[in-house]
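Subject: Structure for you to look at

Hello,

Here is the structure I said I would pass on. Please open it alongside this message.

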Amino acid sequence: MQKNTQHLRNVLELNLAMLFISTSGALGRYIDMPVPVTIGFRALLAGIILFLFCKWKKISFRIASGDRFTIVFSGILMGLHWITYFYALKMSNVAIGMLSLFTYPVITSFLEPILLKTKFQKMHLVLGSLVMLGIYFLVPDFSPENSYAKAVGLGVTSALCYALRNLIMKTKVSNYHGSLLMWYQLVIISILLLPALFVMDSSGIVTQWPWILVLAILTTALGHTLFLFSLKRFSATTASIISSIQPVYGIVIGIIFLREIPVLTTVIGGILILTSVVIESVRSYK
């Protein structure tokens, strides 16, 4: 009974992380600044918050020399994931942007056995196919002239970066505090995007700072740190497939705050993705 209760708590915590992270869709659409500037401020502010948190919790900032390259590389992947994802949002809408990103469970299910030497599960192919079918309903016309098709392409690129980052972090989460790993990634992103804050128009921060702050605290510092903790309790594939509920949360937030009502095909795609989430949740519970 205690084991079942703990598992339920783990699933609920992962879903809370997904709810926080899903605010990125509406915020990415709403914030009116160049994408690299938005991501730069996001990383900078979230980095300050997590630094103070780590100091408060007396978490050691020491990283073994053998792990430094891996953590730096994961930071670069995280930055690429955010930038391509936000461009996908700008070129389409919350539903298209978020659902296209969620090809990453499929990518993860193929990469995890290769990179982490885990056993390949045929069921993940079936669940991944469900997600892919859901993506198909988003953009029936995949012509290069279609801006939604370009957005899906950027979303899939973002998904690849995110899948690789999660698999890399899976090998480190047992050795370091999740907040510390996230902080180092934010430092890398901040350093890489610092020039953008001076080269591109960043004057919008004067009016957009409340939303950047929400993006930094709720979406990034809380959401992504909780997700890193979940990698201790689930396989990267299981965590990523369960987290496919994120677009559903994001679309609901988009409907409430941006009045972006999804069309029927988007709803069908969302249902297919949600089905894979429910199936994988039940499988991991058993």
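Below is what was found in it, from the overall fold down to a helix pair and two internal spaces.

Please keep in mind that this is a predicted model.

Overall fold

The protein chain has 13 helices and zero strands, so its pattern along the sequence is simply α-α-α-α-α-α-α-α-α-α-α-α-α. Its radius of gyration is 18 Å, close to the 19 Å that the globule rule gives for 286 residues, so the chain is as compact as a globular protein of that length. Taken along the principal axes, the box filled by the C-alpha atoms is roughly 45 × 45 × 35 Å.

Helices α2 and α4

Two packed helices are described by the angle between their axes and the distance between the axes. For α2 (residues 23-30) and α4, the angle is about 65° and the axes are 9 Å apart. Their crossing is right-handed. On the α2 side, the contact is made by S24, G25, G28 and R29; on the α4 side, by Y85, F86, L89 and K90. By class, this contact has three nonpolar, three polar and two charged residues.

The cavity

The count of cavities of 30 Å³ or more comes to one. The largest cavity holds about 60 Å³ of space. Its lining consists of I21, S24, R42, H81, W82, Y85, F86, L101, Y162, H224 and Q246. Helix α4 (residues 68-91) provides the largest share of that lining, with four residues. Six residues of the cavity lining are nonpolar, four are polar and one is charged. S24, Y85 and F86 appear both in this lining and in the contact of α2 with α4.

The pocket

Which residues line the largest pocket? They are T23, A26, L27, Y30, W211, V214, L218, I253, F257 and L258. The space in this pocket is about 210 Å³. At least two lining residues come from each of α2, α10 (205-230) and α12 (246-258), and α2 gives the most, with four. By class, the pocket lining divides into nine nonpolar residues, one polar and no charged.

Helix α2 therefore comes up twice in these notes: α2 packs against α4 at about 65°, and α2 gives the most residues to the lining of the largest pocket.

Regards

Note on methods. Residues are numbered from 1 along each chain as its sequence is written. This is a predicted model: local features need pLDDT of at least 70, side-chain atom pairs count only at pLDDT 80 or more; totals for chains, interfaces and linings use all residues. Side-chain values use heavy atoms; hydrogens and water are left out. On a 1 Å grid over the protein atoms alone, a cavity is a set of points where a 1.4 Å probe fits but cannot get out, and a pocket is an open set with protein on both sides within 12 Å along at least five of seven lines; lining residues have an atom within 4 Å of a point. Grid points are joined across faces, edges and corners, and a volume is the space filled by probe spheres set on the points. Ala, Val, Leu, Ile, Met, Phe, Trp, Tyr, Cys and Pro count as nonpolar, Asp, Glu, Lys and Arg as charged, and the others, Gly among them, as polar. Axes are lines fitted to C-alpha atoms, for helices over the stretch in contact, and angles run from 0 to 180 degrees between N-to-C directions. A crossing is left-handed if the near helix is turned anticlockwise from the far one by less than a right angle, and right-handed if clockwise. Contact means heavy atoms within 4.5 Å. The radius of gyration is taken over C-alpha atoms; the globule rule is 2.2 Å times the number of residues to the power 0.38.
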